[in-house]
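Here are a few exercises to work through with the model open beside you. Try each task before reading its solution.

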Amino acid sequence: MTDPQRQGGWVILASWLLAYVLTVLPLPTLLEKARPEWVALILIYWCMAVPQRVGVGVGWLVGLGQDALQNSLLGQHALAYAVLAYLTLKLHQRIRIFPLWQQALTVMVLLLFTRLLLLLISGFTGQAPSGWQYWLAAFTGTLLWPAVFMFLRQCRQIFNVR
Amino acid sequence: MLFAAVSVVLMILDHRQQLAEPIQDALALAVYPIHAAVNLPFEFGEVVAEQATTRRALIEENARLKAQQAILEARLQRLDYLEREIIDLRALLQSSYQVTDSVLIAELMRVDLNPYSHLLQINKGTTSAVFVGQPVLDAKGIMGQIDEAGPLSSVVRLITDPSHAIPVQVNRNGIRGIAVGTGDLRSLELTNVPNNADIQEGDLLVSSGLGGRFPPGYPVGRVVSVDVDPGKPFARIKAVPAAELDRSRRVLLVRATNRQTEAAPPAAAGAAAR
C-alpha cells in the first residue's frame, strides 16, 4: 500500500467477500437458479477498471474460492473465471468507453461464455445440469450489471482504488 | 495457460481420485467463516423467535410433545420385545444382529451450495468424529450420506442427488433393489427391477444394509408409481423419499456401534460415485 500507484486493495478484497456471501445466501428455490454469478460480475468490473491489478491470476484464485464455497468440482470455476478474466483484459479498453447498455450486452456475452465453459466441464464429469434455467443466471447478471457497475464505480472513486 | 493447466489437473485429481482432499479440506476451512457469517442472521432469528414464543404456545407444545412421547413409548415397549425376539432368532441362525446405533445430532447451515447437485451443509465436522460416508437421517428416514467432512462443518449428499444410489429392499416382501437419485428432491428411481417383480404402489422401501454403508431397516421412500412396459426388460419404478429432504432442520448422524462390516468395499453398492 505504500506504493502510490496501488491503493485501496482492501476495497477489492471486501468486494470479493461480499460476492461470496451473496453467492451462498439462501434464496427461495424458485429464485435459486436465477442467482447471478456475483463473483463473475465483480471480476469483470475490476478487470476492466484496474487491469494492472486484477487479472487472470486473481480470477483463478477467486474461482477456486467459489469452488470451495459451493463444493463444486475443484478448479471448475477457477478455470472458467481465469478465462473470463483473460477475455475481459483483452476487451477492457473497448468496454470502458461503451455506453452502459452496450457494456451490459458485452457482459452478457462474457457471462454466457463462462456458463458454457462451466457446462462443458460438468458435462465431462457426467453431471451436466439440464433445463433452460441453467442459462438464466447469465441474464439476471446482465440485468444487474448497470447496478453493479454504478455501485463499484462509486466505491472505486470514494476509496480511490488504483 | 499455466492457470488453465493447474485447474485441469486439480479437476482431474478431484474427480478421479480423492487425491485433492487435503487441498479441499484446507479450502473448506478457509471459506467456513463465510458460511458461518451467512448462517448467522438465520440462527439469530431463530433464537429470537424462540425467546419470543408465548407461555401459552410453550404449554401447548409441551402437551403435544408429551402426548407424542407417550405414543412412541408405547410403541417402543413392543419394539423392545420384538428386538429381543429377533436377536434370539438370529442367534439360532448364527448370524449377528446389531441393534443400537449411536447418533449425533447436527443442524443444517442455511447456505446454498451448488444448485445443480443436492448438497447440504451441516454444522458438525471431523472434530465431532464425523466421517466421510456416514449415513445421515432425519426423523422420517434416510436423507443421505456425508460427502465431505471438514473440521467444523461437513457436506451431505442427499439420496436424490443424481450421482447417489442406495441399496434398498421392499419392506413387505424383501425384494432388493437400488434406489438412484433423479435430481428431483421428491423422487427416487428403482433401477433394474424385472417386470414381474412384486412391487406395488405404496410399498415402503427400507435400507437393506447391503454395501455396508447404510444401516439396515431405516425407511428410504415409498413407491408412488410402477410403470410396466412389456417391451422393456425392466419396470420403471418411482418412489418419494421418506425423509423431509427440503424441510428438516436437524439431522441425525448415525454411527454403527459394532461395525461387523468386513463387508464389500463401500463403493461397490452404496457409495455416491463422484
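**Exercise 1.** Where in chain B is the place of B:Ala129? Then look at its phi and its exposure.

Solution. Start with the location: B:Ala129 sits in the loop between strand E2 (119-122) and strand E3 (135-137) of chain B. Strands here are DSSP runs of E with at least two residues, helices are runs of H or I with at least four, and both are numbered from the N terminus. Next, phi: for B:Ala129 it is near 65°, positive in a residue other than glycine. Most residues other than glycine have a negative phi. Last, B:Ala129 is exposed because 12 other C-beta atoms lie within 10 Å; the cut-offs are 12 or fewer for exposed, 20 or more for buried, and partly exposed in between, with C-beta atoms placed from the backbone.

A note on the source: this is a predicted model, where local features need pLDDT of at least 70, side-chain atom pairs count only at pLDDT 80 or more, and totals for chains, interfaces and linings use all residues. Residues are numbered from 1 along each chain as its sequence is written, and chains are lettered from A in the order in which they are written.

**Exercise 2.** Do the same for B:Asn192: which strand holds this residue?

Solution. B:Asn192 belongs to strand E8 (residues 188-194) of chain B. Its phi is positive, about 55°, although B:Asn192 is not a glycine. With 11 C-beta neighbours inside 10 Å, B:Asn192 counts as exposed.

**Exercise 3.** How many residues does each chain bring to the contact?

Solution. Chain A brings 28 residues and chain B 32, with contact meaning C-beta atoms, placed from the backbone, within 7 Å. On the side of chain A, H4(A) gives the largest share, 7 residues.

Notes: Two residues are in contact if their C-beta atoms, placed from the backbone, lie within 7 Å.
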